[in-house]
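The following exercises ask the reader to work from a structure to its contacts, step by step. Each task is followed by a worked solution.

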Amino acid sequence: MATVNEKQRTTGLKTSAFTKTVVRGKAAVRIMEKRKGERVFNGSDKIRNRMKSVRNIQKITKAMKMVAASKLRGVQTKTENSRGLWQPFVALLGDGFSVDVKKNVVITVSSDKGLCGGINSTSVKVSKALTRVYSGPEKETKYVVLGEKGKAQLVRDSKNRIELTISELQKNPLNYTQVAVLADDILKNVEFDALRIVFNKFHSVVSFPPTVSTILSPEIVEKESEAGGRLGDLDLYEIEGGETKSEVLQNLSEFQFSCVLFNAVLENGCSELGARMSAMDSSSKNAGEMLDRLTLTYNRTRQASITTELIEIISGASALEG
Amino acid sequence: MYRQGSRLLMRATAADGARLRVTAGSRPASQAFSTEVTEAPAVDSSFLEAWKKAAPNIDPPKTPLAFMKPRPPTPSSIPSKLTLNFVLPYQSEISNKEVDMAIIPATTGQMGVLPGHVATIAELKPGVLSVHEGNEVTKYFVSSGFAFIHANSYADIVAVEAVSLDRIDPSLVQKGLADFTQKLNSAVTDLEKAEAQVGVEVHSALNAALTG
């Protein structure tokens with residue numbers, strides 16, 4: 001019976017209903033074999049590859065967000081505890097923000113690792129704006145950069161003004177001794193009349209505004225206290241300890257620097273983690289949206305290719321029946 | 001992005017808020033976030049103008065004064081209590097606590113601070129800080145730091161390290177003292193001498209604190 005059917009197929013004669021189903025069945029089997037063995041080039045596998053990589057990216061960014069969130073919890077308690085440290089100094093000496101001096105040194109605190117949103121760019125922008133604000137005849141501004149990302153941005157146009165760069169600050173959990181040594185280093189190598197520390201203060205996970213803390217050198221403090229104004233009351237304070245007033249003021253200024261720097265580095269670390277959390281969160285959300293769109297395209301392409309093959313089978317079968 | 005970020009992270013910020021509320025009682029008002037503190041008008045207008053000229057598109061940065069509660073001015077009569085702030089790098093030990101007296105170890109000797117004390121900046125040496133409140137006395141061993149006493153009977157003590165006396169081990173103190181005295185005798189360079197000197201000072205102060 002099989003030979004009879006084959007003969008009929010080759011001669012193009014009408015076939016019975018049973019034969020039609022057999023022919024269609026055989027064609028379907030052939031197509032299924034094709035799918036198992038060969039690659040049907042219709043673009044759907046390209047989309048499948050893209051979907052796989054986007055899904056991986058989504059997983060990675062979700063994981064990074066979780067890591068940042070857990071690290072943030074630890075650093076945040078430390079930061080909040082260190083907030084009381086600079087307040088006595090500001091209560092005593094006021095905010096030296098508006099004090100105009102000849103030698104400004106801008107200390108930019110930034111992060112070492114990337115993928116943390118825009119905080120490093122804001123810090124660098126504020127530092128550069130500060131340089132412009134404090135520029136003038138006989139005045140000079142220098143930079144001390146903490147962190148690789150800030151260095152990369154500042155090196156581009158202010159290379160000759162960078163005195164010192166320090167990196168790998170966040171490698172070990174921060175403590176005061178480490179920062180005190182760092183402050184000592186900076187004080188030894190840099191001449192300054194006023195130090196301006198630029199960092200991102202941590203308000204909440206989504207808000208980290210740039211902040212500037214000022215530390216005046218002891219000579220300027222003396223000058224300002226004689227001139228009156230905010231620091232004018234300083235003369236009213238009796239000085240206990242040390243041989244001379246200037247020695248005590250020197251120690252005071254150095255101690256203030258280490259305390260303020262400690263707080264600044266902690267706050268910036270917190271802000272970095274918060275920014276990374278929100279950046280990774282929006283990144284995984286975008287990846288999810290992209291995945292949805294890709295899935296729709298993939299299904300459409302897949303269904304189109306199946307429809308095409310069905311059409312081929314059916315038109316082939318109907319051609320055979322006559 | 002930030003709009004959606006805030007929606008998604010509402011859980012996180014609610015958790016932060018809960019933590020804030022939980023610790024609000026123990027933390028001082030002066031450490032509240034700036035949303036609870038009005039911006040002090042201390043930012044100089046001349047500076048703001050200069051900033052606007054130099055960087056018109058960027059918001060001016062915040063300054064520490066904006067985050068701190070302003071201190072009350074000097075009252076005309078001597079207040080009855082001293083408001084004490086004792087801060088360490090990793091903790092605020094005492095914040096805005098009203099006490100009767102504090103004895104601080106200044107480099108010129110033990111200094112008693114009562115309300116109405118004249119404004120002073122004192123450098124601290126290693127020694128015992130005792131806080132007297134009514135009948136109770138709390139003692140801490142302070143490594144070093146600074147103390148500011150303001151005219152409005154606010155006292156700020158900033159120290160690098162402080163421990164309560166019962167956490168000090170006397171045997172280790174003796175050993176340390178012996179160690180550093182030996183190092184001082186065998187020190188060659190100035191730096192070594194200075195380090196050994198510091199060690200001797202701290203350990204003898206510890207000794208005195210434990211015995212006295």
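## Exercise 1: Paired strands in chain A

In β5(A), L195(A) has I215(A) as its bridge partner. The model under study is a predicted one.

**Task.** Determine how β4 and β5 of chain A run relative to each other, parallel or antiparallel, and how many bridges join them.

**Solution.** Step 1: strand β4 of chain A covers residues 194–200, and seven bridges join this strand to β5(A). Step 2: the two strands run antiparallel. Step 3: the pair L195(A) and I215(A) is one example of bridge partners here.

**Task.** Establish whether the residues of β5(A) are buried or exposed, and which of them point which way.

**Solution.** Step 1: strand β5 of chain A comprises residues 210–216, and seven of its seven residues are buried. Step 2: P210(A), V212(A), T214(A) and L216(A) point one way from the strand. Step 3: T211(A), S213(A) and I215(A) point the other way. Step 4: residues on both sides of β5(A) are buried, and the strand is accordingly mostly covered.

**Task.** State in which sense β1(A) and β2 of chain A pair, and over how many bridges.

**Solution.** Step 1: β1(A) pairs with strand β2 (residues 140–146) of chain A in the parallel sense, over seven bridges. Step 2: within this pairing, V106(A) stands opposite Y143(A) in β2(A). Step 3: strand β1 of chain A spans residues 103–109 and is largely enclosed by the rest of the structure, because six of its seven residues are buried.

## Exercise 2: The surroundings of E267(A)

**Task.** Locate E267(A) and decide whether this residue is buried or exposed.

**Solution.** Step 1: E267(A) is found in helix α9 of chain A, which covers residues 245–321. Step 2: the relative accessible area of E267(A) is 0%. Step 3: buried means under 20% relative accessible area, so E267(A) is buried.

**Task.** Identify what the side chain of E267(A) meets.

**Solution.** Step 1: leaving aside neighbours within four places in sequence, E267(A) is in contact with T79(A), R83(A), F199(A), N200(A), K201(A) and F202(A). Step 2: the side chains of E267(A) and R83(A) are joined by a polar contact of 2.7 Å. Step 3: a polar atom of the E267(A) side chain lies 2.9 Å from the backbone nitrogen of F202(A). Step 4: a network of salt bridges links R83(A), K201(A) and E267(A).

## Exercise 3: Salt bridges between separate elements

**Task.** State how many salt bridges a search of the whole structure finds over all chains, and explain why the pair K65(A) and D281(A) ties together parts of chain A.

**Solution.** Step 1: the search finds ten salt bridges. Step 2: one of them joins the side chains of K65(A) and D281(A), at 3.2 Å from N to O. Step 3: K65(A) lies in helix α3 (residues 44–82) and D281(A) in helix α9 of chain A, so this pair ties together parts that are 216 residues apart in sequence. Step 4: both K65(A) and D281(A) are buried.

**Task.** Analyse the salt bridge between D157(A) and K128(A) in terms of position and exposure.

**Solution.** Step 1: the side chains of D157(A) and K128(A) meet at 3.2 Å, N to O. Step 2: D157(A) belongs to helix α6 (residues 148–158) and K128(A) to helix α5 (residues 119–133) of chain A, so the pair ties together parts 29 residues apart in sequence. Step 3: D157(A) counts as partly exposed at 48% relative accessibility, and K128(A) counts as partly exposed at 24%.

## Exercise 4: A positive phi in chain B

**Task.** Place S153(B) in chain B and decide whether this residue is buried or exposed.

**Solution.** Step 1: S153(B) sits in the loop between β8 (145–149) and β9 (154–159) of chain B. Step 2: its phi is positive, about 60°, although S153(B) is not a glycine. Step 3: most residues other than glycine have a negative phi. Step 4: with 2% relative accessibility, S153(B) counts as buried.

Terms used:
Residues numbered from 1 in each chain as written. Chains lettered and ligands numbered in written order. Predicted model: local features only at pLDDT ≥ 70, side-chain atom pairs only at ≥ 80, totals over all residues. Heavy atoms only, no water. Helix = DSSP H or I, 4+ residues; strand = E, 2+ residues; numbered from the N terminus. Buried < 20%, exposed > 50% of the residue type's maximum accessible area, 1.4 Å probe, protein only. Polar contact = N/O pair within 3.5 Å; in protein donor to acceptor, adjacent residues only side chain to side chain. Contact = heavy atoms within 4.5 Å. Salt bridge = Lys/Arg side-chain N within 4 Å of Asp/Glu carboxyl O. Pairing = 2+ DSSP bridges.
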